[in-house]
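User: I've got this model open and I'd like to know what stands behind the labels people attach to it. Can you walk me through the reasoning?

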Amino acid sequence: LTDTRKIMKKMEKALDAKRYEHTLGVAYTASSLAMSNGINFEKAFVAGLLHDCAKCISNEKKLEICNKHNIEISEIERKNLCLLHAKVGSYIAAKQFCISDRDILNAILFHTTGRPGMSQLEKIIYIADYIEPGRKHAPNLPKVRKLAFQDLDEALLKILEDTLGYLGSVGGTIDPMTKRTYDYYEAYMR
Ligand code: DGI
Ligand code: FE
Ligand code: FE
Ligand code: FE
């Protein structure tokens with residue numbers, strides 16, 4: 001793995017102060033979740049540091065990167081360009097941060113929508129993104145925070161449910177992948 005401190009310095013430059021604070025929150029929360037689940041916490045820390053590496057890139061620039069490197073844009077991403085930060089982030093992690101670990105790249109790629117059959121690391125980044133100490137205003141946060149350290153799958157399902165509920169209430173377009181992930185884990189948990 002590339003030097004963690006170097007990644008931290010680069011992220012501090014690439015992000016605004018608030019987003020960098022969130023990034024550190026996700027990195028430390030993800031490593032804690034990794035520790036309590038007996039998986040590689042250094043990998044979780046790096047994935048946490050990089051998960052939003054494309055968040056402060058303008059929509060125009062994200063589109064430009066996708067066009068230039070033949071990254072496919074789905075219909076829903078085209079309408080909600082913010083969603084693209086996951087795909088572009090995963091690309092940047094590979095190309096600019098020399099991350100070759102597929103699990104880390106997938107954790108970044110699927111951190112916004114999730115996907116059916118997520119790895120432990122993918123779940124941990126998805127959950128840490130939602131519960132990190134600086135995150136506010138999400139419904140059921142105290143409950144989900146507690147749940148996260150008891151059962152990753154239960155926490156994942158609750159976050160997916162609340163995210164779909166939130167998107168429904170504000171009239172946000174639901175990415176088919178978010179719905180598919182919810183349906184998968186809803187059936188899986190029964
Ligand atoms: O980048 P962050 O803000 O840290 O977190 P994130 O990458 O999980 O993005 C969260 C935002 O993404 C939140 O406002 C909800 C939105 N989102 C998640 N799933 C979907 C979605 N937005 C749309 N339009 N459709 C989705 O399925
Ligand atoms: Fe994000
Ligand atoms: Fe998220
Ligand atoms: Fe995030």
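**Labels and the values behind them**

Analyst: Sure. Helix α4, residues 59–68, is hardly covered, with one buried residue among its ten. Keep in mind that this is a predicted model.

User: What comes right after α4, and what is the sign of its phi?

Analyst: That's Asn70, which follows α4 and has a positive phi, near 55°.

User: What makes α4 oblique to α6?

Analyst: The two helices, α4 and α6 (residues 84–95), pack at about 55°, and their axes are 10 Å apart. Roughly parallel needs an angle under 35 degrees and roughly perpendicular takes 65 to 115, so an angle that fits none of the named ranges is oblique. That is why α4 counts as oblique to α6. The crossing is a left-handed one.

User: Which residues of α4 and α6 meet there?

Analyst: From α4 you have Lys62, Ile65 and Cys66, and they meet Leu84, His85, Val88 and Tyr91 of α6. By class, that contact has five nonpolar residues, one polar and one charged.

User: How do you know that α10 and α11 are oblique?

Analyst: Same kind of check. The axes of α10 (residues 152–170) and α11 (residues 176–189) cross at roughly 140° and come within 10 Å. Roughly antiparallel would take an angle over 145 degrees, and the perpendicular range runs from 65 to 115. The α10 and α11 pair therefore ends up as oblique. As for handedness, α10 passes α11 in a left-handed crossing.

User: What makes up the contact between α10 and α11?

Analyst: On the α10 side there are Asp153, Leu156, Leu157, Leu160, Glu161, Thr163 and Leu164. They meet Thr178, Lys179, Thr181, Tyr182, Tyr185, Glu186 and Met189 of α11. Sorted by class, the contact of α10 with α11 holds seven nonpolar, three polar and four charged residues.

User: And how do α7 and α8 pack?

Analyst: Helix α7 (residues 102–109) and helix α8 (residues 120–131) pack at about 35°, with the axes 9 Å apart. Here the crossing is right-handed. Asp103, Asn106 and Ala107 supply the α7 side, while Leu121, Glu122 and Ile125 supply the α8 side. Three of the residues in the contact of α7 with α8 are nonpolar, one is polar and two are charged.

User: Now the loops. Why is Thr112 called buried?

Analyst: Thr112 sits in the loop between α7 and α8. The label takes 20 or more other C-beta atoms within 10 Å. Thr112 has 22, so it is buried. Setting aside neighbours within four places in sequence, Thr112 is in contact with Leu83 and Ala86.

User: Why does Asp175 count as buried?

Analyst: Asp175 lies in the loop between α10 and α11. The cut-off is 20 or more, and Asp175 has 20 other C-beta atoms within 10 Å, so it counts as buried. Beyond neighbours within four places in sequence, its contacts are Ile76, Leu83 and Thr113. Asp175 and Ile76 are 99 residues apart along the chain, yet their C-alpha atoms are separated by 6.2 Å.

User: Which residues come nearest to ligand 1?

Analyst: Of the 16 residues around ligand 1, the nearest are Asn80, Thr112, Gly172, Asp175 and Thr178. The shell as a whole has three nonpolar, nine polar and four charged residues.

User: What makes Lys13 exposed?

Analyst: Lys13 is in helix α1 (residues 4–14). Exposed takes 12 or fewer neighbours, and Lys13 has 7 C-beta neighbours inside 10 Å, so the label fits.

User: How many other C-beta atoms lie within 10 Å of His137, and how many of Asn140?

Analyst: His137 has 6, so it is exposed. Asn140 has 13. Since exposed stops at 12 and buried starts at 20, anything in between is partly exposed, and Asn140 is therefore partly exposed. His137 is in the loop between α8 and α9, and Asn140 lies in the loop between α8 and α9 too.

User: What is phi at His137 and at Asn140?

Analyst: Phi is near 70° at His137, a positive value in a residue other than glycine. For Asn140, phi is near 60°, again positive in a residue other than glycine.

Definitions and conventions:
Residues numbered from 1 in each chain as written. Chains lettered and ligands numbered in written order. Predicted model: local features only at pLDDT ≥ 70, side-chain atom pairs only at ≥ 80, totals over all residues. Near = placed C-beta within 6 Å. Nonpolar A, V, L, I, M, F, W, Y, C, P; charged D, E, K, R; others polar. Helix = DSSP H or I, 4+ residues; strand = E, 2+ residues; numbered from the N terminus. Axes fitted to C-alpha atoms, helices over the stretch in contact; angles between N-to-C directions. Left-handed = near helix turned anticlockwise from the far one by under 90°. Contact = placed C-beta atoms within 7 Å.
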